Amino acid sequence: MSELTFTPIDDIPKIVKELRETFLTGLTRPLAYRKEQLKGLHNLIAENEALFKESVYRDLRKPPQELMVGEIGTIRQEAIDAIKHLDQWAAPQYVKTTLLNRMNKPHIRKSPLGTVLIIGAWNLPINLLLAPAVGAIAAGNCVILKPSEVSTHTAALLTTLLPKYLDPRSVRIINGAAAETTVLLEQKFDHMFYTGSGNIGKIIMAAAAKQLTPVTLELGGKSPAFVSKNVDIAVAARRLAWGKLFNTGQACIAPDYLIVERGIEQELVKEMKLAIQEFYGASPQTSQSYGRIINNNHFHRLKRLLDTTRGEIVVGGDSQEDDLYIAPTIVLDVKLDDPLMESEIFGPILPIWVVDTINEGIEYVNRNDQPLALYVYSHDMKLANHILDNTRSGGAVINDSLVQFMVTALPFGGTGPSGIGSYHGKRSFDIFSHERATLVKNLGMQKALAISYPPYTEKKTSWLEWLLFDKVKYPDNAILKGNKKFG
Ligand code: NAD
């Protein structure tokens, strides 16, 4: 497996310029070309599964099943979906209009944006780069991919494989850290799509603002999971343990902390402890189903949280630096001013905040940044709906965690500080397309059109009034006319 080398900084403007020139040639516009590229992207994954298994193992000790669920399976499905539906997604959409323009075939044409930049994050190093790329390619763009330099082995592998499967005239990889990305962000793009932390998200958005480049920002945050008294605790415990420990907790939509109704916390901890044993055996460190922390920086960040929490560590808590191992850990009775409640944990540590009423939890969630995901575990649908109706989050699941990620027809994205814009499935095609408003006028009928032209007369105006807006025939008409009786 080859080492990751960063793209020489001087080459970056040249590469972007080359792609911008390619776009101008029209190479990426035909649907047949796009489908060929999408097939290439699909096959890149399908034919190199063993190599990807090895690279993500070296980066994160990621178990093959988590690779399949979180990366390979979802990207393949995204590519298949796009190949299957591209004709329909790209077809003009005719719209309804008033009498005046009905003959003029008003429609929306989906046109490519141009040359776009996609910046991925390390925790799902294949998916977060290639899933948006599916949309960008399907929409007919040239694409620059910037993998996370933190997941070194996967970035190196992608760099080797990409030119074998995708046309380098229209899709290129640029590698690097902050210095290279800074130069990249100075180039002119037609869209920037970024996945990662909100802090870097602000840098991306500021760079984009300088050139008025639109952005999609896929960020993170502290995603809460409510657990109500009225729940099957054993089932909830297993689903929570899986959702929290998938990818060793390094998932943007992992439940970050639990809001648990007082009275069930001990039983919940007991069941989660059992679940963790069922999943990983008595020693998770030796389990092939449990991954590792990405690097020393993140290990130390998480270790500091373990060392400074004032909650009670009731499960796990042990760690080993030279193995980048942090045990599945549950911390009970965490107060709101605990270090564990300050920022996104992004690791296998689960704090439990015990509340007297669910409304306390709702109020806390509402006073803080809108999370990327919100989970509710309850048999009581009235309560679940009450929580959803009174909070905000990018996505939500009742009685499970993470699974929203796999439904490609659902928008995946945040709200407020957890992100701007959403993707997956057709939405990925849409965010990389411009909706071009188009009318097709017949060159005949010039006489009829004369009513639009000066000199204006009362007669022309009244004709236009008749043609310009729908006549409402029901009682609300009175309101539309500003009838005093209705204010
Ligand atoms: P990261 O360190 O891999 O950074 C993301 C990208 O930003 C990388 O490509 C990196 O090279 C680039 N970058 C780093 N410093 C930069 C700088 N100074 N200027 C420009 N670019 C720079 O990933 P991360 O930020 O540690 O990712 C973790 C965060 O991402 C978490 O908050 C998580 O919730 C979020 N995340 C969100 C999603 C989502 O889909 N919404 C998915 C995964 C992760």
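Here is a walk through this structure, from the ligand site out to a pocket, the internal cavities and a couple of backbone oddities. Keep in mind that what you're looking at is a predicted model.

Let's start with the ligand. It has 27 residues around it, and the closest are Lys-146, Ser-148, Glu-149, Leu-219 and Glu-344. Lys-146 also shows up when you look at polar atoms: one in its side chain sits 2.8 Å from a ligand oxygen. The backbone joins in too. A polar backbone atom of Gly-120 is 2.9 Å from an oxygen atom of the ligand, and for Ser-197 a polar backbone atom is likewise 2.9 Å from a ligand oxygen. On its own the ligand has 850 Å² of accessible area, and the protein covers 90% of that. If you want to find the shell by secondary structure, go to helix 7 (178–186), strand 6 (191–195) and helix 8 (198–210), the elements that give two or more residues to it.

What is the shell made of, by class? It has 15 nonpolar residues, 8 polar ones and 4 charged ones. And why does the ligand lie between two domains? Domain 1 (11–219 + 424–435) and domain 2 (224–407) both give residues to the shell, so the ligand lies between them.

The two domains meet again at the largest cavity, whose lining takes at least three residues from each of domain 1 (11–219 + 424–435) and domain 2 (224–407). This cavity has a volume of about 120 Å³, and the structure holds 7 cavities of 30 Å³ or more. Among the residues lining the largest one are Val-69, Gly-70, Leu-124, Trp-242, Phe-246 and Met-406. No charged residue is found in that lining, which splits into 10 nonpolar and 2 polar.

Now for the second largest pocket, with a volume of about 400 Å³. It is lined by 15 residues, and Leu-100, Asn-104, Met-445, Ala-448 and Leu-449 are the closest to its centre. Helix 15 (446–449) and helix 16 (458–468) are the elements that give two or more residues to this lining. By class, the pocket lining has 9 nonpolar residues, 5 polar and 1 charged.

Those two helices also bracket a backbone feature. Pro-455 sits in the loop between helix 15 and helix 16, and the peptide bond leading to it from Pro-454 is cis, with omega near -5°.

Another backbone spot takes us back to helix 8, one of the elements contributing to the ligand shell. Leu-212 is in the loop between helix 8 and strand 7 (215–218). Its phi is positive, about 55°, even though Leu-212 is not a glycine. Why do these two spots catch the eye? Because most residues other than glycine have a negative phi, and most peptide bonds are trans.

Note on methods. Residues numbered from 1 in each chain as written. Predicted model: local features only at pLDDT ≥ 70, side-chain atom pairs only at ≥ 80, totals over all residues. Heavy atoms only, no water. Near = heavy atom within 4 Å. Polar contact = N/O pair within 3.5 Å; in protein donor to acceptor, adjacent residues only side chain to side chain. Areas by Shrake-Rupley, 256 points an atom, 1.4 Å probe, with all protein chains shown as cover. Helix = DSSP H or I, 4+ residues; strand = E, 2+ residues; numbered from the N terminus. Nonpolar A, V, L, I, M, F, W, Y, C, P; charged D, E, K, R; others polar. Domains from an automatic or database assignment. 1 Å grid on protein atoms, 1.4 Å probe; cavity = no way out; pocket = protein on both sides within 12 Å on 5 of 7 lines; lining within 4 Å. Points joined across faces, edges and corners; volume = space filled by probe spheres on them.
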